[in-house]
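The exercises below ask you to read a protein model step by step. Keep the sequence and the structure open beside the text, and try each task before you turn to its solution.

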Amino acid sequence: MAIAQSSIWISIIFTVIYIVTIYFTNRKVPNAQYYLFIFISLIIIFVGIYNYVYLGKITPNNYDTLSMLTYIIGNITFIPYVVAYAYSIFKLLKGDATQKIPIIIVSLLLLVLLWWLWIVMFDGIFIGFV
C-alpha cells in the first residue's frame with residue numbers, strides 16, 4: 001500500500017518539501033524563477049489529481065494508469081534537480097579544475113544514483129512497493 005494512500009496530509013507535506021527543496025537548489029541558477037513556476041504548478045496539479053481520483057481508491061483496474069502517471073510525473077519533476085546539478089558542475093568545470101574527466105564521470109554516476117533514489121521514493125509514496 002502506498003504511503004500517501006493513508007492520508008491526504010502525506011501528499012501535501014511531500015508537495016511542500018518538494019517546493020522548498022527545488023527553490024533552495026535552484027536559487028543560484030539564472031532564470032530559475034521562470035521554470036520553477038511550471039514545476040511547482042505541475043506537482044500541485046498532480047497531487048490534486050492524485051488526492052481527488054486515487055486517494056483510497058487504487059484498484060487493479062486503475063493501478064496501471066496511476067503507475068504510468070506517477071512514472072511520467074516523477075521523471076518530469078526531477079528536471080529541476082538535474083538543472084541545478086548541471087549548473088553547479090558547469091561552474092566547477094569552468095574554473096581551473098585539473099581533473100575534468102573524473103569529475104564528469106563521478107558527477108554523472110551520482111546524478112544517475114540520485115535519479116534512481118528519486119523514482120524509488122516517488123513511487124513508494126504514491127503507488128507503494130509491489
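**Exercise 1.** Does Ser11 count as buried or exposed, and why?

*Solution.* Bear in mind from the start that this is a predicted model. Begin by finding the residue, which lies in helix 1. Next, take its relative accessibility, which is 0%, and set it beside the cut-off for a buried residue, which is under 20%. Ser11 therefore counts as buried. Then look at what surrounds the residue: apart from its neighbours within four places in sequence, Ser11 is in contact with Ala4, Val47, Asn51 and Phe126. Finally, look at Asn51 among these partners, because its side chain and the side chain of Ser11 form a polar contact at 3.0 Å.

**Exercise 2.** How many helices and how many strands does the protein chain have, and in what order do its elements run?

*Solution.* Counting along the chain gives five helices and zero strands. Read from the N terminus on, the order is α-α-α-α-α. For the overall dimensions, the C-alpha atoms fill a box of roughly 55 × 30 × 20 Å when it is taken along the principal axes. The confidence of the prediction can be added here: the mean pLDDT of the chain is 86, and 98% of the residues reach 70 or more. Confidence is lowest in helix 3, with a mean of 87, and highest in helix 1, at 90.

**Exercise 3.** Which residues of the largest nonpolar core touch the most other members, and which helix gives the most residues to this core?

*Solution.* The core has 27 residues, and the ones that touch the most other members are Trp118, Phe122 and Phe126. The elements that contribute two or more residues are helix 1 (8-26), helix 2 (32-54), helix 3 (60-76), helix 4 (79-94) and helix 5 (100-126). Of these, helix 2 gives the most, with nine residues. To follow one of the core residues outwards, take Phe122, which is in contact with Phe14, Ile43, Phe46, Thr70, Ile73, Gly74 and Thr77 once its neighbours within four places in sequence are left aside.

**Exercise 4.** Why does the span of helix 5 agree with what is expected of its 27 residues?

*Solution.* First work out the expectation: at 1.5 Å a residue, the 27 residues of helix 5 should span 39 Å. Then compare this with the distance between the end C-alpha atoms, which is 38 Å, so the two agree. As a further step, list the buried residues of the helix, which are Ser107, Leu111, Trp118, Ile119, Phe122, Asp123, Gly124, Ile125 and Phe126. Their cover includes helix 1, helix 2, helix 3 and helix 4. Just after the helix comes Gly128, which takes a positive phi of about 85°.

**Exercise 5.** Which residues of helix 2 are buried, and against which helices do they pack?

*Solution.* Start with the span, since the 23 residues of helix 2 should cover 33 Å at 1.5 Å a residue, and the end C-alpha atoms are 32 Å apart, which agrees. The buried residues are Ala32, Tyr35, Leu36, Phe39, Ile43, Phe46, Val47, Tyr50, Asn51 and Tyr54. They pack against helix 1, helix 3, helix 4 and helix 5. Now look at Tyr54 in particular, which counts as buried because its relative accessibility is 8%. Setting aside neighbours within four places in sequence, Tyr54 is in contact with Gln5, Ile49, Asn62, Thr65, Leu66 and Leu69. After helix 2 comes Gly56, whose phi is positive, near 75°.

**Exercise 6.** Where is Asn26 placed, and which residues does it touch?

*Solution.* Asn26 has its place in helix 1. Its relative accessibility is 0%, so Asn26 counts as buried. Not counting residues up to four places away in sequence, Asn26 touches Ala32, Tyr35, Leu36, Pro80, Val83 and Ala84. To finish, move on to the loop between helix 1 and helix 2, where Asn31 is found. Although Asn31 is not a glycine, its phi is positive, at about 60°.

How values were computed
Residues numbered from 1 in each chain as written. Predicted model: local features only at pLDDT ≥ 70, side-chain atom pairs only at ≥ 80, totals over all residues. Heavy atoms only, no water. Core = buried A, V, L, I, M, F, W, Y, C linked by side-chain atoms within 4.5 Å. Buried < 20%, exposed > 50% of the residue type's maximum accessible area, 1.4 Å probe, protein only. Helix = DSSP H or I, 4+ residues; strand = E, 2+ residues; numbered from the N terminus. Contact = heavy atoms within 4.5 Å. Expected span 1.5 Å × (residues − 1). Polar contact = N/O pair within 3.5 Å; in protein donor to acceptor, adjacent residues only side chain to side chain. pLDDT = per-residue confidence, 0-100.
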